Amino acid sequence: MNGLLPEGFHDRLPPHADTAAAMERRVLDVARLYGYERVDPPLAEFEESLGARLKAASAKDAVRFTDPASRRTLAIRPDITAQIGRIAATRMAHHPRPVRLSYAGTVLKLRASELRPERAMRQIGFELIGRDSVAAAREIVTVAVEALERAGVSKLALDFTLPDLVEQLSPDMAPDRLAELRDRLDAKDAAGVAAIDPGFLPLIEAAGPFDAALERLRALDKGGALTSRLDGLAAVAQAVAGQVALTLDPTERHGFEYQSWIGFSLFAHGVRGEIGRGGSYSVIGADADEPAVGVSLFVDPILDAGLTNGERRRLFVPVDTDAALAAKLRAEGWVAVAALDAGDSAAAQLCTHALVDGSPVAV
């Protein structure tokens with residue numbers, strides 16, 4: 001009975017579990033005020049159903065097991081976005097579009113990465129289904145930034161990408177050659193790109209601070225094929241300009257394999273790796289796919305960096321304190337911890353304040 005947990009799993013203890021719950025509540029409250037209604041899909045689904053909606057990389061991450069009731073293979077979700085798409089396309093197919101949904105829950109991955117050793121993680125997000133317009137993307141980016149700031153995460157950075165840029169610039173290229181070109185551009189492999197088509201080399205140099213990178217892309221777009229797309233990207237970025245640091249990497253593909261015209265990653269000062277990812281994509285429907293745009297936020301790296309640690313105010317309430325007074329203090333927002341016997345103390349209950357002569361006093 002040594003309390004060891006499997007690799008990639010951990011307990012979240014007080015006060016960090018309370019901090020996690022408070023962050024989740026603040027993020028979802030912001031989304032709710034923009035019209036995003038909460039859904040709560042199950043932890044596991046039939047493997048064939050969930051797998052059909054997950055992108056290939058995520059499907060490989062799913063933990064599978066046999067359901068003793070149905071004798072069918074179930075999969076534990078490695079990502080919640082696919083489940084939101086299923087809900088929108090089936091149980092909420094009758095709902096007028098766009099439909100705005102938010103969620104929060106645990107995801108489980110079969111394997112961990114060096115950057116993220118956790119296998120069980122909390123994911124929060126919101127999806128706008130039925131539109132992938134500039135206005136929809138602006139809203140998602142705005143809500144994501146506002147929600148993180150409300151949760152106490154500051155010094156945010158937003159890195160945009162154009163996931164289908166290469167396809168737009170080379171519609172007649174053979175699929176296998178196109179896939180190799182995308183991979184070389186994503187890896188910033190100048191020699192590899194030059195071996196396929198040196199005309200794409202300037203795209204590697206186009207990455208950087210948003211305004212300068214956008215101007216370099218406009219200069220490369222001699223025929224105007226990207227004008228409307230770049231104008232849309234500029235309009236989305238303008239929604240949070242001045243609030244966050246903005247960059248643009250037009251050929252970034254890792255993690256954006258199923259996004260369409262726009263993708264973005266969120267970063268925060270003091271946190272290793274990204275804390276969120278979003279963009280436009282397609283939801284698989286019964287008759288036809290429909291456009292959508294959304295964002296997923298990764299809770300664990302934010303909490304591990306201590307960016308949202310709030311003030312811990314606990315009030316020690318001595319024995320025989322009037323119950324009405326204690327109730328009044330709790331109504332005012334105090335965490336009022338009642339002594340159970342005369343030997344109890346503020347220190348033993350990890351309290352920051354004690355009730356003295358009917359008033360809270362710091363200890």
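Helices (H or I, at least four residues) and strands (E, at least two) are DSSP runs, numbered from the N terminus. With that in hand, let us walk through this protein.

The model is predicted, so local features need pLDDT of at least 70 and side-chain atom pairs count only at pLDDT 80 or more, while totals for chains, interfaces and linings use all residues. Residues are numbered from 1 along each chain as its sequence is written, and side-chain values use heavy atoms, with hydrogens and water left out.

**The overall picture**

The protein has 13 helices and 16 strands. Its C-alpha trace spans about 80 × 55 × 45 Å along the principal axes. The domain assignment (bounds that come from an automatic or database assignment) gives domain 1 (15-163 + 206-305) and domain 2 (314-362). Taken over C-alpha atoms, the centres of domain 1 and domain 2 are 43 Å apart.

Of the 363 residues, 46% are buried. Here buried means under 20% relative accessible area, exposed means over 50%, and partly exposed is in between (1.4 Å probe, protein chains only). A contact means heavy atoms within 4.5 Å. Among contacts between residues at least 6 apart in sequence, 65% join residues at least 24 apart.

**Inside the protein**

A nonpolar core is a set of buried Ala, Val, Leu, Ile, Met, Phe, Trp, Tyr and Cys residues joined through side-chain atoms within 4.5 Å. The largest one has 64 residues, and Phe126, Leu148, Leu158, Phe160, Leu266 and Ile275 have the most contacts inside it. Helix 5 (residues 134-150) gives the largest share of this core, nine residues. Leaving aside residues up to four places away in sequence, Leu148 touches Met23, Val153, Leu156, Leu266, Ile275, Leu297 and Ile302. There is also a second, separate core of 16 residues, which includes Ile87, Tyr103, Met121 and Ile129.

Is Ser102 buried or exposed? Ser102 is buried, with a relative accessible area of 2%. Ser102 lies in strand 5 (residues 99-108). The residues that Ser102 touches, not counting those up to four places away in sequence, include Leu28, Tyr36, Arg38 and Phe126.

**Residues with more accessibility**

Here are four residues to find in the structure, each with its place and relative accessible area.

| Residue | Place | Relative accessible area |
|---|---|---|
| Pro202 | helix 9 (residues 201-205) | 31%, partly exposed |
| Pro96 | loop between helix 4 (81-89) and strand 5 | 61%, exposed |
| Leu350 | loop between strand 14 (335-338) and strand 15 (353-356) | 51%, exposed |
| Asp357 | loop between strand 15 and strand 16 (359-362) | 81%, exposed |

Two of these residues also give distances to try out. The C-alpha atoms of Pro202 and Arg216 are separated by 8.6 Å, and the two residues are 14 residues apart along the chain. For Pro96 and Asp211, 115 residues apart along the chain, the C-alpha atoms are separated by 37 Å.

**Backbone details**

Leu350 has a positive phi of about 55° although it is not a glycine. Asp357, not a glycine either, has a positive phi of about 55°.

Which peptide bond leading to Pro15 is cis? The bond from Pro14 to Pro15 is cis, with omega near 0°, and Pro15 lies in the segment before helix 1 (16-33). The peptide bond from Arg97 to Pro98 is cis too, with omega near 0°. Pro98 sits in the loop between helix 4 and strand 5.
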